[in-house]
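Dear colleague,

I am passing a structure on to you with this email. Please open it first and keep it beside the text as you read.

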Amino acid sequence: LKDGMVVAYTACAAETHLESSYWLALIKGPAFPVLESQVHASDCFEAGWLVIKAQWFELVTISPRCYKLQTEEAASTSCERDDPIVGSQVRQ
């Protein structure tokens with residue numbers, strides 16, 4: 001994962017009603033390891049996870065699918081350890 005990439009994250013089955021089966025995010029910097037387990041902004045991160053900062057896209061219209069980049073950054077774990085992220089790329 002690299003700064004500036006747009007990636008698709010698989011949505012949790014309980015949240016697919018919000019925007020669909022995947023969410024889009026813009027990567028904002030390099031991935032970095034979590035050195036010790038911690039909680040940040042109500043998210044739990046375990047030691048050894050690889051984390052990235054990202055900005056989420058918001059689905060604006062379904063047909064055609066149009067997205068708007070949200071202004072807030074979020075931290076997210078990578079698929080390094082079977083985490084809920086699918087590292088598939090979407091057109092940049």
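What follows is a short account of what was found, taken topic by topic.

Please bear in mind from the start that this is a predicted model. Its mean pLDDT is 77, and 78% of the residues reach 70 or more. The stretch to treat with most caution is residues 78–92, where pLDDT stays under 50 although the model has 33 contacts there beyond four places in sequence. Where pLDDT is low, the predicted coordinates should not be read in detail.

Let me turn to the strands. Strand S1, which covers residues 6–10, runs antiparallel to strand S2, residues 22–27, and five bridges join the two. To find this pairing on your screen, you could look for Ala 8, whose bridge partner in S2 is Leu 24. Strand S2 also pairs with S6, again in the antiparallel sense, over three bridges, and here Ala 25 stands opposite Trp 56 of S6.

How many salt bridges does a search of the whole structure find? There is one, and it is formed by Lys 68 and Glu 58, whose closest N and O atoms are 3.8 Å apart. The pair links distant parts of the chain, since Glu 58 belongs to strand S6 (residues 50–61) and Lys 68 to strand S7 (residues 66–77), with their positions ten residues apart in the numbering. Lys 68 has a relative accessibility of 47% and therefore counts as partly exposed, and Glu 58, at 29%, counts as partly exposed too.

The backbone of the loops deserves a careful look as well. In the loop between S6 and S7 you will find Pro 64, and the peptide bond that leads from Ser 63 to Pro 64 is cis, with omega near -5°.

Which residues other than glycine have a positive phi? One of them is Ala 41, with a phi of about 50°, and another is Ser 42, whose phi is near 70°. Ala 41 lies in the loop between strand S4 (38–40) and strand S5 (43–45), and Ser 42 is placed in the loop between S4 and S5 as well. As for their surroundings, Ala 41 is exposed, because its relative accessible area is 61%, and Ser 42 is exposed with a relative accessible area of 68%.

With best wishes for your reading,

A colleague

How values were computed: Residues are numbered from 1 along each chain as its sequence is written. This is a predicted model: local features need pLDDT of at least 70, side-chain atom pairs count only at pLDDT 80 or more; totals for chains, interfaces and linings use all residues. Side-chain values use heavy atoms; hydrogens and water are left out. A salt bridge is a side-chain nitrogen of Lys or Arg within 4 Å of a carboxyl oxygen of Asp or Glu. Helices (H or I, at least four residues) and strands (E, at least two) are DSSP runs, numbered from the N terminus. Buried means under 20% relative accessible area, exposed over 50%, partly exposed in between (1.4 Å probe, protein chains only). pLDDT is the predictor's confidence in each residue, from 0 to 100. Contact means heavy atoms within 4.5 Å. Two strands pair if DSSP finds at least two bridges between them.
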